[in-house]
Amino acid sequence: MSSSTNSFDLIYQVVREIPAGRVTSYGAIAAYLGMKGGARMVGWAMNASHTIADIPAHRVVNRNGVLTGKNFFGGDRMEELLASEGIRVQDDQILAFKSHFWDPSIELL
DNA sequence: ACGGTGACGTCTG
DNA sequence: ACAGACGCCACCG
């Protein structure tokens, strides 16, 4: 329980449920949690997840399919991880992002 | 205790 | 169509 961060834990749960080869957006997670527009907070959770290895934050990108936080992974680590899962990334942008998109409110429903 | 900031998203002009 | 501003919640100084 470590109820230090209620919403944080919720976000981690969702991100952790993201299957390999799939990606989701901050807004999708925020909306799933009921915080529409609180996408910023989701990004913050990812920032904290940076210290946790159980959180595949590299599967979380912005609505444009752009690896906004790849800079935080330490270079192209994020791109390598995604490519390793079969996701093509070019110019910090995921190709066929929509095809790899994973919506928690639908898949996790 | 308060204000500013932050890996975004959506609306309006 | 593009650009700018606002809003959400939590952490840090």
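A polar contact is a pair of N or O atoms within 3.5 Å, and by that cut-off the 3.3 Å between a polar backbone atom of N47 and a base nitrogen of DNA strand B is counted as one, because it falls within the limit. The legends below describe close-up views of a predicted model.

**View 1. Residues of the protein meet the bases of DNA strand B.** In this view N47 uses a polar backbone atom, placed 3.3 Å from a base nitrogen of DNA strand B. M46 likewise offers a backbone N or O atom, and this atom lies 2.8 Å from a base nitrogen of the strand. For W44, in contrast, the atom concerned is an N or O of the side chain, with a base nitrogen of DNA strand B 3.2 Å away.

**View 2. Several helices border DNA strand B.** The surface near the strand receives two or more residues from each of helix 2, helix 3 and helix 4, the last of these spanning 70-73. Helix 3 contributes the most, namely six residues. There are 15 residues around DNA strand B, and those that come nearest are R40, W44, M46, R63 and G69. On the DNA side, sugar and phosphate make up 51% of the strand's atoms that come within 4 Å of the protein. When the residues of this surface are sorted by kind, seven are nonpolar, six are polar and two are charged.

**View 3. G43 sits in helix 3.** This glycine belongs to helix 3. Is G43 buried, exposed or partly exposed? Its relative accessible area is 27%, and G43 is therefore partly exposed, since that value lies between the limits of 20% and 50%. From G43 to K70 the separation is 27 residues in sequence and 12 Å in space, taken from C-alpha to C-alpha.

**View 4. The largest nonpolar core gathers 16 residues.** In soluble globular proteins, nonpolar side chains tend to be buried together. Here the residues with the most contacts inside the largest core are I11, V15, I29, V42, M46 and V60. Helix 1 (6-16), helix 2 (26-33) and helix 3 (39-49) each give two or more residues to this core, and the largest share, five residues, comes from helix 1.

**View 5. V60 and its contacts, with another core apart.** Leaving aside residues up to four places away in sequence, V60 touches V15, I18, T24, Y26, I29, M46 and M78. Apart from the largest core lies another one, of nine residues, among them V23, V61, M78 and F97.

Methods: Residues are numbered from 1 along each chain as its sequence is written. Chains are lettered from A and ligands numbered from 1 in the order in which they are written. This is a predicted model: local features need pLDDT of at least 70, side-chain atom pairs count only at pLDDT 80 or more; totals for chains, interfaces and linings use all residues. Side-chain values use heavy atoms; hydrogens and water are left out. A nonpolar core is a set of buried Ala, Val, Leu, Ile, Met, Phe, Trp, Tyr and Cys residues joined through side-chain atoms within 4.5 Å. Buried means under 20% relative accessible area, exposed over 50%, partly exposed in between (1.4 Å probe, protein chains only). Helices (H or I, at least four residues) and strands (E, at least two) are DSSP runs, numbered from the N terminus. Contact means heavy atoms within 4.5 Å. A residue is near a molecule or strand if one of its heavy atoms lies within 4 Å of it. A polar contact is a pair of N or O atoms within 3.5 Å; within protein, one must be able to donate a hydrogen and the other to accept it, and residues adjacent in sequence count only if both atoms are side-chain atoms. Ala, Val, Leu, Ile, Met, Phe, Trp, Tyr, Cys and Pro count as nonpolar, Asp, Glu, Lys and Arg as charged, and the others, Gly among them, as polar.
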